[in-house]
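Trainee: Could you pick one part of this model and take me through it slowly? I'd like to see how the pieces around it fit together too.

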There are 2 protein chains.
Amino acid sequence: MNIGEIARRAGVSRSTVSYALSGKRPVSAATVQRINDVIAELGYRPNASARALAEGRTRTLGLVVPPASRRLTDVQLGFVGSVVDAAAAHDLDVLLSPSGGDHDRSFERIVTGRRVDGVILMEILLEDPRVERLSQASLPFVTIGHVEHPGASWWVDVDYGGLITRCVHHLADLGHEEVVLISRSAELVAAGYGPALRSATGFLEATAERGLTARMVCCADEAAAGLACFEQLRTQWPGVTAAVTINEAALPGVQRALHRAGLEVPRDFSLTGVIAERLAEDFHPPLTAADVPAADLGRLAVDLLLAQIADRSAEPRHALLEPPISLRSSTGARPRG
Amino acid sequence: MNIGEIARRAGVSRSTVSYALSGKRPVSAATVQRINDVIAELGYRPNASARALAEGRTRTLGLVVPPASRRLTDVQLGFVGSVVDAAAAHDLDVLLSPSGGDHDRSFERIVTGRRVDGVILMEILLEDPRVERLSQASLPFVTIGHVEHPGASWWVDVDYGGLITRCVHHLADLGHEEVVLISRSAELVAAGYGPALRSATGFLEATAERGLTARMVCCADEAAAGLACFEQLRTQWPGVTAAVTINEAALPGVQRALHRAGLEVPRDFSLTGVIAERLAEDFHPPLTAADVPAADLGRLAVDLLLAQIADRSAEPRHALLEPPISLRSSTGARPRG
DNA sequence: ATTCTTCGTCGAACCGGTTCGATGACCGAG
DNA sequence: CTCGGTCATCGAACCGGTTCGACGAAGAAT
């Protein structure tokens with residue numbers, strides 16, 4: 001079941017089998033035929049560890065995901081799926097590493113154990129120790145999201161600030177005067193989670209530019225929190241007529257709160273934000289929102305990573321996507337009175 | 001950066017470094033100290049491929065998931081998360097393999113390339129070629145879900161038939177007389193997807209036992225399909241007053257259909273089934289449902305797999321979980337008239 | 001007929017670990 | 001003083017591939 005056995009049965013040397021398989025040196029057609037017959041008969045496939053050891057590369061990519069305790073959002077799930085698919089298209093495997101705490105062994109195994117040829121990092125913070133760690137280990141990596149000062153690193157991201165800005169302008173055009181940003185959990189914001197901070201910045205700038213009254217709340221990533229959060233903001237700021245959100249997980253709760261308050265969307269209240277396409281369409285009514293192109297980002301991240309692995313001294317590249325806002329039916333003119 | 005370099009700097013042989021690290025033979029305290037100092041200074045960690053080659057095991061588990069094109073349901077996501085976490089708790093990594101088509105390279109790489117010590121297979125069919133393939137490759141594996149004739153294989157599963165039976169009895173107790181089972185997509189059913197078939201069997205038995213009129217529909221795993229499906233079944237069978245479902249993805253559509261028809265849950269219509277806990281609680285109103293204990297199943301699958309790897313001639317084991325039905329607020333007495 | 005290429009193949013070294021048998025130093029017992 | 005037994009360490013073989021230099025045979029050029 002190893003290459004020596006194949007060589008023996010085909011009556012050639014091990015190296016000839018290797019060359020016949022890789023095609024890196026010419027082998028006579030007759031010999032190739034004989035080797036292929038033996039391989040087909042025995043169902044041989046090279047041992048991945050041995051090959052990795054000899055070649056110095058593993059044909060495996062590492063994907064660092066948030067730990068399962070923190071439930072993956074739909075957008076994150078989209079990243080994982082598209083990264084796995086894109087890798088499979090290149091005949092690469094994907095090694096999953098749950099990380100988020102700092103001192104975790106799984107991440108260290110990936111980084112220093114040479115288990116992977118490169119790493120894709122998601123859910124990164126403005127100051128992320130893992131980025132630092134990967135840089136100094138000189139292991140190729142691409143982040144989905146970007147640190148505050150990306151310097152010489154490779155990344156792909158969605159322009160949260162720009163998208164939120166566009167959402168605000170959309171609401172302003174519809175006549176809304178007091179709007180709220182429903183962000184993610186206070187812990188994430190405190191930890192320096194980029195999308196939350198960049199969307200807050202974009203929100204404040206845009207509301208200022210259009211002369212709107214801006215309100216902001218943090219909300220844990222759960223339906224229950226969305227419910228509580230929405231009810232509180234309604235009593236605290238009764239003048240709010242529209243919300244912009246980046247918190248997918250809170251949406252079911254927001255929906256329940258709207259229903260409970262007898263508010264109809266978009267007649268009595270407008271709702272928009274940056275939301276995974278599937279969730280936006282599952283909402284009732286379907287949400288006017290900037291759909292995060294998770295599949296594109298994942299594929300792009302793999303492409304960049306492969307480019308970096310192929311030429312490790314290449315100039316760092318990045319991509320900042322700004323998807324269009326899909327007009328569905330959750331935003332309307334400011335209610336009178 | 002390899003073991004020879006460490007040995008050289010510590011002034012010992014490579015084998016001594018190996019023994020100092022593994023503890024498989026006694027090494028003097030002074031030498032251990034010296035070696036550890038050098039290792040700490042250089043940040044050395046053994047090359048995973050070399051170790052795997054020498055030891056004959058990779059310290060990696062394979063997890064075969066449905067391809068990303070078919071979106072993961074919440075329950076499946078729960079499996080993935082808990083498997084990854086459980087593996088990490090044992091210092092094992094997880095290699096992801098998207099599979100579902102039959103002739104896919106990723107799965108074959110995993111099986112024959114000795115990349116993993118064992119495999120966890122999810123979303124399996126009553127007759128699943130992958131189970132056959134793994135058996136003949138004599139690679140340890142555990143399935144989440146089970147084939148029709150599990151024979152000598154290891155598996156964990158939820159008793160869909162039993163759970164659906166309990167749901168039906170619950171509805172019968174509330175006085176419902178005509179109920180519908182909303183299953184998953186017709187393709188999945190046709191392919192022989194176990195949970196769909198077993199829940200259908202349980203549904204038919206239980207409705208027969210209680211003298212209820214049984215209706216069944218297949219529904220694609222999308223909100224839009226849920227909407228269309230529900231509206232059709234209401235016109236086709238106007239007497240239906242309650243639904244049992246195993247299709248999480250269709251729920252938002254069902255909800256919209258209920259709303260559109262002006263039906264209030266549970267006053268006008270009762271809804272229950274086998275649903276991930278988070279989704280059941282996010283529904284409006286929260287669903288009375290059998291929560292799939294995805295986290296338990298994932299952890300259990302890893303435990304069984306490790307037991308099998310440790311003793312490859314061990315007697316096959318399996319676990320069939322039957323979680324309790326959580327009474328929330330989506331079921332009520334049959335509406336009069 | 002001899003030399004030069006080209007082609008196909010082989011043997012050996014190497015990747016970086018683990019593991020086994022052997023060896024030498026040191027100890028206490030006889 | 002010698003013998004037997006630990007204890008700590010070493011050297012070599014091995015895991016299963018890849019890759020490099022070399023070599024023999026056949027054909028082309030001289």
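Mentor: Sure, but let's agree on residue classes before we start: Ala, Val, Leu, Ile, Met, Phe, Trp, Tyr, Cys and Pro count as nonpolar, Asp, Glu, Lys and Arg as charged, and everything else, Gly among them, as polar. Also keep in mind that what you're looking at is a predicted model.

Let's make the DNA-facing surface our part, beginning with strand D. Sorted into those classes, the residues of the surface near DNA strand D come out as 13 nonpolar, 10 polar and six charged. There are 29 residues around DNA strand D, and the closest are Ile3(A), Ser15(A), Ser18(A), Ser15(B) and Pro26(B). So which elements bring two or more residues to that surface? They are α2 (14–22) and α4 (48–55) of chain A, along with α2 (14–22) and α4 (48–55) of chain B. The largest share is from α2(A), with six residues.

Now move over to strand C. Here, too, you can count 29 surrounding residues, with Val12(A), Ser15(A), Ile3(B), Ser15(B) and Ser18(B) the closest. At least two residues apiece come from α2 and α4 of chain A and from α2 and α4 of chain B. For strand C the biggest giver is α2(B), which puts in six residues. By class, this surface holds 13 nonpolar, 10 polar and six charged residues.

With both strands in view, look at how the two protein chains relate. Turn chain B by 180°, with a shift of 0.0 Å along the axis, and it can be laid on chain A with an RMSD of 0.1 Å. That's the relation of a two-fold axis.

The chains also touch each other, and that contact takes 40 residues from chain B and 40 residues from chain A. On the chain B side, two or more residues each come from α4, α5 (74–89), β2 (93–98), α6 (105–112), α12 (251–260) and α13 (277–282) of chain B. Of these, α5(B) gives the largest share, six residues. Break that side down by class and you get 17 nonpolar, 12 polar and 11 charged residues. Because 100% of the interface residues of chain B are also interface residues in chain A, the copies meet through the same surface.

Notice that α4(B) turns up twice on our tour: it supplies residues to the surface near DNA strand C and to the side of chain B that touches chain A. Strand pairing crosses between the chains as well, since β2 (residues 93–98) of chain A is joined to β2(B) by three bridges, running antiparallel. If you want a spot to zoom in on, Leu96(A) stands opposite Val94(B) in β2(B).

A few details elsewhere in the N-terminal numbering deserve a glance. Helix α3 (residues 29–42) of chain A has 14 residues, so at 1.5 Å a residue it should span 20 Å, and its end C-alpha atoms are indeed 20 Å apart. Right after α3(A) you reach Gly43(A), with a positive phi near 65°. In chain B, α3(B) is likewise followed by a glycine, Gly43(B), whose phi is positive, near 65°. Further along chain A, Arg59(A) isn't a glycine, but its phi is positive too, about 55°. You'll find Arg59(A) in the loop between α4 and β1 (60–65) of chain A, and α4(A) is one of the helices we met beside strand D.

To finish, follow chain A further along. Six of its strands make an open, mixed sheet in the order β7-β6-β8-β9-β10-β12. At the edges stand β7 (213–217) and β12 (325–326) of chain A, each with a single partner strand, so one side of each has no neighbour in the sheet. At the β7 end, β6 (residues 178–182) of chain A pairs with β7(A) in the parallel sense over five bridges, and Ile182(A) has Val217(A) as its bridge partner. Helix α10 (residues 194–210) of chain A lies across β6, β7 and β8 of chain A, at about 165° to β7(A).

One last thing to click on is the peptide bond between His284(A) and Pro285(A), which is cis with omega about 0°. Pro285(A) is in the loop between α13 (277–282) and β10 of chain A. Chain B has a cis bond from His284(B) to Pro285(B), with omega about -5°, and Pro285(B) is in the loop between α13 and β10 (289–291) of chain B. That loop follows α13(B), one of the elements on the side of chain B that touches chain A.

How values were computed. Residues numbered from 1 in each chain as written. Chains lettered and ligands numbered in written order. Predicted model: local features only at pLDDT ≥ 70, side-chain atom pairs only at ≥ 80, totals over all residues. Near = placed C-beta within 6 Å. Helix = DSSP H or I, 4+ residues; strand = E, 2+ residues; numbered from the N terminus. Least-squares fit on C-alpha atoms with pLDDT ≥ 70 in both. Contact = placed C-beta atoms within 7 Å. Pairing = 2+ DSSP bridges. Expected span 1.5 Å × (residues − 1). Axes fitted to C-alpha atoms, helices over the stretch in contact; angles between N-to-C directions.
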